[in-house]
Amino acid sequence: MHPIRWIIIGAGAFGREVFHWTRDMIADCPEQTIGGFLDADSSALQGFDIPAPVLGNPEHSAPLPDDRFVCAIAAPQTRLAVCRAIQDRGGKFGNVIHPTAVVASDAILGSGVILCPQALVSTNVSVGNFVIVNVASSIGHDAVIGDGCTLSGHCDVTGNAVLEEGVFLGSHASVVPGKRVGAYASISAGSVVVRNAPAQSVMTGVPAKCLFRRDQPKAA
């Protein structure tokens, strides 16, 4: 069996965090290593004590059979585009699940998922591909999380809630039970979604209200 080489896409602040969470995950796995980062900025790690190189630009990467990619780009739309392009070139994505994360035995995880320290994925949850669940965020029973969603730190997606593709939740945002957040909506930090949120909407407040929709002209 050839050793698995983890490649982190994105060498920014979150990428540096993911380096540590990946290292924690593979600490007892001598057949797995962190090969480095892919980032358009070759100097992204200068000044930081990260013992792994920037290997090159993700647009030019040539995946090897034993590479396992994980994407640390926070913006959902960009992350999905980059990940799908690498998949089209034959790249394989793995899941980074920190040892302190809790995942119910009947939860379903896609590929390229990142579960940071103290993340919780409860019973009968479905999590799509390339989803980020940051520190101390929770996904309640029977919830559905679409591809490319980002849950920032300390978010709470409660039972039977649905996040469609590419939703972004800011830190401490919450979605109450049974509500649906439409594709590529953004929920501002600290906001509470108490009614269904439209696709492409930017929501803020308690309760969350729509500031505008990206797919519609802004009011003058």
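Buried means under 20% relative accessible area, exposed means over 50%, and partly exposed lies in between, with a 1.4 Å probe and protein chains only. The structure is a predicted model, in which local features need pLDDT of at least 70 and side-chain atom pairs count only at pLDDT 80 or more, while totals for chains, interfaces and linings use all residues. Residues are numbered from 1 along each chain as its sequence is written, and side-chain values use heavy atoms, with hydrogens and water left out.

**Exercise 1. Describe the salt bridge between Arg213 and Asp215, and state how accessible each partner is.**

Step 1. A salt bridge is a side-chain nitrogen of Lys or Arg within 4 Å of a carboxyl oxygen of Asp or Glu. The side chains of Arg213 and Asp215 fulfil this, with 3.1 Å from N to O.

Step 2. Asp215 has a relative accessibility of 43% and counts as partly exposed, and Arg213, with a relative accessible area of 25%, is partly exposed as well.

**Exercise 2. Find how many salt bridges the whole structure holds, and work out which parts of the chain are tied together by Arg84 with Glu165 and by Arg180 with Glu164.**

Step 1. A search of the whole structure gives 5 salt bridges.

Step 2. In one of them, the side chains of Arg84 and Glu165 meet at 3.1 Å, N to O. Helices (H or I, at least four residues) and strands (E, at least two) are DSSP runs, numbered from the N terminus. Arg84 belongs to helix H2 (residues 76–88), whereas Glu165 sits in the loop between strand E16 (162–163) and strand E17 (168–169), so this pair ties together parts that are 81 residues apart in sequence.

Step 3. Arg84 is partly exposed at a relative accessible area of 31%, and Glu165 is partly exposed at 27%.

Step 4. The side chains of Arg180 and Glu164 also form a salt bridge, at 3.0 Å from N to O. Because Arg180 lies in strand E19 (residues 180–181) and Glu164 in the loop between E16 and E17, the pair ties together parts that are 16 residues apart in sequence. Arg180 is partly exposed, with a relative accessibility of 39%, and Glu164 is partly exposed, with a relative accessible area of 27%.

**Exercise 3. Give the strand order of the open sheet of 6 strands, and follow the pairing of strand E9 with strand E12.**

Step 1. Strands of a sheet pair through backbone hydrogen bonds, either parallel or antiparallel. Two strands pair if DSSP finds at least two bridges between them.

Step 2. The order of the open sheet is E6-E9-E12-E15-E18-E21, and the pairing is parallel. Strand E6 (102–103) and strand E21 (192–193) are the edge strands, each of which pairs on one side only.

Step 3. Strand E9 (residues 120–121) and strand E12 (residues 138–139) pair in the parallel sense over 2 bridges, and Val121 has Ile139 in E12 as its bridge partner.

Step 4. Val121, which lies in strand E9, is buried at 1% relative accessibility. Contact means heavy atoms within 4.5 Å. Not counting residues up to four places away in sequence, the residues that Val121 touches include Val102, Leu109, Val127 and Ile139.

Step 5. Ser138 has its place in strand E12 and is buried, with a relative accessible area of 18%. Leaving aside neighbours within four places in sequence, Ser138 is in contact with residues including Leu120 and Asp156.

**Exercise 4. Characterise the aromatic pairs that Phe93 forms with Phe69 and with Phe130.**

Step 1. Rings of Phe, Tyr and Trp (its six-membered ring) pair if their centres lie within 6.5 Å, and planes under 30 degrees apart count as stacked, over 60 as edge-to-face and the rest as tilted. The structure holds 3 aromatic pairs.

Step 2. Phe69 and Phe93 form a tilted pair, at 5.8 Å centre to centre with 45 degrees between the planes. Phe69 lies in strand E4 (residues 67–71) and Phe93 in the loop between H2 and strand E5 (96–97), so parts 24 residues apart in sequence are tied together.

Step 3. Phe69 is buried at 2% relative accessibility, and Phe93 is buried at a relative accessible area of 10%. Phe93 and Phe130 form an edge-to-face pair, at 4.9 Å centre to centre with 70 degrees between the planes.

Step 4. Taken as a group, Phe69, Phe93 and Phe130 form one aromatic cluster.
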